[in-house]
Amino acid sequence: RSPRSFTIKEKTPIRSTYNSSTASNTISQRMKITLLRLFIAMFFSRVAVGFVLTRPGGMVARHLSATATAEETIRKAKLLESVAEATGLSKKDSEAAFDAILDTIVTEVTAGNKVNIAGFGTFKRSERKARKGRNPKTGEELQIAAKKAPAFTAAKNFKERVNGDI
């Protein structure tokens, strides 16, 4: 292994109905799964001082800002830069895999399916009922239409890490 490799435990393969014709054909399904697990591992490794990734042989690599705070917003470009550095993939390949993962989640949730990522959380579609509302300026009563909205429920492990219990 090269020093830039990242060890991820292999688990049951993630099954999806992702259509590979909508993304780069250079990224295999296995690479997408590996990158998804890497994103999850990186997300869980995020603490008040930044990303800390353990590499094979016990080496530790710090990613993003060493002075990151809980209030800091990490943008997609910075996240992709960290993934590209950690995996040794190009930024273009990392972005293609990331976009494919997000596209799959959006497609499945839009279709009404739940997307459960063990240890991370569940993405799902919630149904909001029609209700009565009031215009705060005029006090006029109005009808708010029913709608669907995306929802995310964090897994127990994720919540514990956020609260510092782990």
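## Exercises on a predicted model

In the protein, 46% of the contacts (heavy atoms within 4.5 Å) with a separation of 6 or more are between residues 24 or more positions apart. This is a predicted model, in which local features need pLDDT of at least 70 and side-chain atom pairs count only at pLDDT 80 or more, while totals for chains, interfaces and linings use all residues. Residues are numbered from 1 along each chain as its sequence is written, and side-chain values use heavy atoms, with hydrogens and water left out.

### Exercise 1. Confidence

Task: state what the protein averages in pLDDT, and find where the pLDDT stays under 50.

Solution.
- Step 1. The average pLDDT (the predictor's confidence in each residue, from 0 to 100) is 75, and 59% of the residues score at least 70.
- Step 2. Residues 1-20 stay under 50, and the model gives this stretch 39 contacts beyond four places in sequence.
- Step 3. Residues 46-68 are also below 50, with 55 contacts beyond near neighbours in sequence.
- Step 4. Where pLDDT is low, the predicted coordinates should not be read in detail.

### Exercise 2. Elements and helix α2

Task: count the helices and strands of the protein, then describe helix α2 by its span and its buried residues.

Solution.
- Step 1. There are 4 helices and 7 strands, where helices (H or I, at least four residues) and strands (E, at least two) are DSSP runs numbered from the N terminus.
- Step 2. Read from the N terminus, the order is α-β-β-α-α-β-β-β-β-β-α.
- Step 3. Helix α2 covers residues 76-87, 12 residues in all, and its first and last C-alpha atoms are 16 Å apart, close to the expected 16 Å. The expected span is 1.5 Å times one less than the number of residues.
- Step 4. L79, L80, S82, V83, A84 and A86 are the buried residues of α2. Buried means under 20% relative accessible area, exposed over 50%, and partly exposed in between (1.4 Å probe, protein chains only). An α-helix has 3.6 residues a turn, so residues three or four places apart point the same way.
- Step 5. Just after α2, G88 has a positive phi of about 80 degrees.

### Exercise 3. The open sheet

Task: give the strand order of the open sheet of 3 strands and work through its pairings.

Solution.
- Step 1. The order is β3-β4-β7, and the pairing is antiparallel; two strands pair if DSSP finds at least two bridges between them.
- Step 2. β3 and β7 (147-154) are at the edges with a single partner strand each, so one side of each has no neighbour in the sheet.
- Step 3. On average, neighbouring strands of this sheet are turned by 30 degrees against each other, direction ignored. Axes here are lines fitted to C-alpha atoms, for helices over the stretch in contact, and angles run from 0 to 180 degrees between N-to-C directions.
- Step 4. β3 and β4 (residues 121-128) are joined by 3 bridges. N116 stands opposite T122, and I117 has G121 as its bridge partner.
- Step 5. These two strands, β3 and β4, form a hairpin with 3 residues between them, and G119 in the turn has a positive phi of about 80 degrees.
- Step 6. β4 and β7 pair over 8 bridges, with F123 bridged to F152.
- Step 7. K147 lies in β7 and is partly exposed, at a relative accessible area of 47%. Not counting residues up to four places away in sequence, K147 touches S126, E127 and R128.

### Exercise 4. The largest nonpolar core

Task: list the residues of the largest nonpolar core and say which element gives the most to this core.

Solution.
- Step 1. A nonpolar core is a set of buried Ala, Val, Leu, Ile, Met, Phe, Trp, Tyr and Cys residues joined through side-chain atoms within 4.5 Å.
- Step 2. The largest has 9 residues: L36, I101, I105, V109, V115, I117, F120, F123 and F158.
- Step 3. α3 (91-110) and β3 (115-117) each supply at least two of them, and α3 gives the most, with 3 residues.
- Step 4. α3 lies across β3 and β4, at about 35 degrees to β4.
- Step 5. For the protein as a whole, 31% of the 166 residues count as buried.

### Exercise 5. The hairpin of β5 and β6

Task: describe how strand β5 is joined to strand β6, and place K129.

Solution.
- Step 1. β5 (residues 131-134) and β6 (residues 141-144) run antiparallel and are joined by 4 bridges; the bridge partner of R131 is I144.
- Step 2. The hairpin has 6 residues between its strands, and G139 in the turn takes a positive phi of about 80 degrees.
- Step 3. K129 is in the loop between β4 and β5 and is exposed, with a relative accessible area of 74%.
- Step 4. K129 and I144, 15 residues apart in sequence, are 8.7 Å apart from C-alpha to C-alpha.
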